[in-house]
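Here's a quick tour for anyone meeting this structure for the first time. Take a look at the picture, then read on.

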Amino acid sequence: MQTYLEGLNEQQLAAVQHIDGPLMIVAGAGSGKTKVLTTRIAHLMNSGVDAFNILALTFTNKAAAEMKERVEKALGNTEARNLYIGTFHSVFARILRSEANKLGYPNNFTIYDTDDAKSVIKGIVKDMNLDDKHYKPAYIYNRISAAKNSLLDPAKYRADTFVQEEDTRSHRPLIADIYDQYARRCFRNGAMDFDDLLFKMHTLLHEYPDALAKYQGRFSYILIDEYQDTNHAQYEIIKMLGARNENICVVGDDAQSIYSFRGATVQNILQFKDDYDDVRVIKLEQNYRSTQTILDIANSIIGNNKNQIPKELWTSNDEGEKIMLARTMTDNDEGRFVADSIKEQQMRNHYANKDFVVLYRTNAQSRSFEESLRRQNIPYKLVGGTSFYQRKEIKDYLAYLRIIVNPQDEENLKRIINVPTRGIGKTSIDKISVRANELDVTFWETIANPDIEGFRSANTDNFVMMINNFRTMLEKENAYDVAFFVGKHTGLVKDLYNDKSVEGIARYENVQELLNSIKEFTETPDEEGELHDKTLGSYLQQITLLTDADQDKAEDADAVKLMTIHAAKGLEFPCVYVVGMEENLFPSAMSLYDRSDLEEERRLFYVAVTRAKEKLWITYANSRYRFGSLVQNDPSRFISEVPPRYVDTTFTGTSNTGTPQRSNTGNLFNKQSFDKVPSLKKLADKLSAPKPAAHNPSPDFVPDDVSTMDAGMQVEHQKFGYGKILSLEGAPANRIATIEFGGGHGTKKIMLNYAKLRIVG
DNA sequence: TGATGCTAACTTTTT
DNA sequence: GTTAGCATCA
């Protein structure tokens, strides 16, 4: 027996040794899924399959990198370099890059991230003279994204009666037009958004039989990780790619499906058996990760969901400790509690920093933990969140690099045409846009092509000359040299260097970090072990698809990790804190009115719990600051799904009064009254507030239940003082009141979920 | 045209 | 509590 096969259990071994034909591995949390996938790849290669013919698709770059590394280790040679392993998006981007001309795109097409895409949409909404309060770019982006993930192009979108009815019902009948415009504009800009990478890949395979044949032949063995998170477009692509050989192996766990908001459908995994003849199904049900207690809790939680593939996860691990449940007064106390608890665990049990993770539902929750960890001098690492690449200075820098590679890209061109200022302001930009539309040419053509009656001035001529100058470097110089040159000659780097404010220094450092990462890219050998394609074009192609979670070797650093539960999928930690377990937060307020949404939130909780190997804490706060004002929430309903026998009831948490509080599952749901003491800073802010009409809330101000409010009532607002509700609108979950205030505040529209109101009469 | 300061809108989750 | 976008002033 091969050494790499040692230590596998019966099911794992069966999965690894299955070679030809469709295979579905239902892999419960912690059941050794990655091990099976990587070992199977190693085994395929050992059985004579050429690495070049193996395609493995994952959802994160990190998972891909890990897979590659582990295969290499199992094989003990470098053949693994020839594997085609990557995320759906990066693998398809790479293929599309070489086939772009078939679809009428430049090879150096730009990849738009969500912000870029929304900005294009915003421009269209504006050009169509629509109200962007109603036609919100984010909403439209989601509609378009969903359409692409369902493989609906603009024409099909318009023709689909169900989709049209939805748009009519939401009073946004023109989305089809916007989608149509959006697709045209992206095409004209030589740009693809995230969803296009799937959508166009499908188009390529569907409409170009030679391309289909080529990739069917190339990828004779296909493995897909996290299959429960694939959407319809991905499903169809996989089906086409695998049709010739049907050597498709999917791995997934329906209980961990948490990406339906991105179009993922559990149906894909539930139906897999019916999609192919003779599907081999192997279930991995032994958990090697967690204690018996943690696993029991997880099983108990997921048992509340209706739709599942039946399976029972078990472990031979020790029972372990009971989990700990802590209630704190505020979100800040929650932060303090977690930091104190980590400190205590480290002293008592000698855990390293990297043994801890704090998991939350939304990125915005990270603040209180960052602050408290910093105060305790505990090193921490924030994973995900506002991406490095979303910072202004980085986006500007990248915008330059993008238009050098692809000057068609109007979005990025407009972004930097006047950065640093060079006398091409809003007026000029508008004039250029108008002229471009009249001539039906790109924005760049309008200022750069001397053969047409475009728009030119001394300022634009200088700009064009500069960009053209940069462009001449593309062929000969590598990404770093071009980028460095650009920074120098545009004055971008110098301007930041001269800015000695705190933010300015940070921005300068960020830009340096960007340059370092480009340098690193140019110096890292690619798959073939060579410094092949180290051009700027190839750098940009991958950069948009990188997320912070992939960024650096986050795992290596000895620091406490802070991340969303979504970002934690696939990871494991000895000690896990699941925080912010409150109604409206987790489960999210958006998910309370739909059974399937709620079940997804529950799966998310399941994912959170199953990250823990040894110890688990669940915390929640009585009240927390949201949008600057204090909000009270009930404890999450999910807490009551944790069987009390697994919860340590002698355990004590902390409160802001300094009195330890007994956390007791028996009285968790008694709403406790507590002193509403505004923090000192808040008080100081209020006292020094220069605003003449600032309202001091009554000392006994306690917000009332939103659902009891009605038109005609007199209310008190924390900031605007007393007023009368004129009318109510919106869904019960998100009611908006029009309120007439006194004290010169006038009539305001207030979202009742966020602003707190007290009924006066 | 460009910098500055204020207000409104904002929070799911990510490739 | 934060940030983007707008209005205002230089």
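## What packs against helix α21

Keep in mind that this is a predicted model. A good place to start is helix α21 and its surroundings: the cover over its buried residues includes α17 (392-405), α18 (410-416), α19 (426-439), α20 (443-448) and α22 (479-490).

Which residues of α21 are buried? They are Thr 460, Phe 463, Val 464, Met 466, Ile 467 and Phe 470. Looking down the axis of α21, you'd find these buried residues within an arc of 160°, so they line one face of the helix. There's a simple rule behind such patterns: an α-helix has 3.6 residues a turn, so residues three or four places apart point the same way. Over on the other side of α21, Ala 458 and Met 465 are exposed.

## Checking the length of α21

Helix α21 covers residues 458-471, which is 14 residues. At 1.5 Å a residue, α21 should span 20 Å, and that agrees with its end C-alpha atoms, which sit 20 Å apart.

## Ser 145 in helix α6

Now hop over to α6, the helix made of residues 137-149, where you'll find Ser 145. Is Ser 145 buried or exposed? With 12% relative accessibility, Ser 145 counts as buried. Its C-alpha atom is 9.9 Å from that of Phe 199, although the two residues are 54 residues apart along the chain.

## A word on cysteines

How many disulfides does the structure hold? Zero. As for individual cysteines, Cys 186 counts as buried at 2% relative accessibility, and Cys 249 is buried too, with a relative accessible area of 0%.

Technical notes: Residues are numbered from 1 along each chain as its sequence is written. Chains are lettered from A and ligands numbered from 1 in the order in which they are written. This is a predicted model: local features need pLDDT of at least 70, side-chain atom pairs count only at pLDDT 80 or more; totals for chains, interfaces and linings use all residues. Side-chain values use heavy atoms; hydrogens and water are left out. Helices (H or I, at least four residues) and strands (E, at least two) are DSSP runs, numbered from the N terminus. The expected span of a helix is 1.5 Å times one less than its number of residues. Buried means under 20% relative accessible area, exposed over 50%, partly exposed in between (1.4 Å probe, protein chains only). The arc is that of the directions from the helix axis to the C-beta atoms. Contact means heavy atoms within 4.5 Å. A disulfide is a pair of cysteine sulfur atoms within 2.5 Å.
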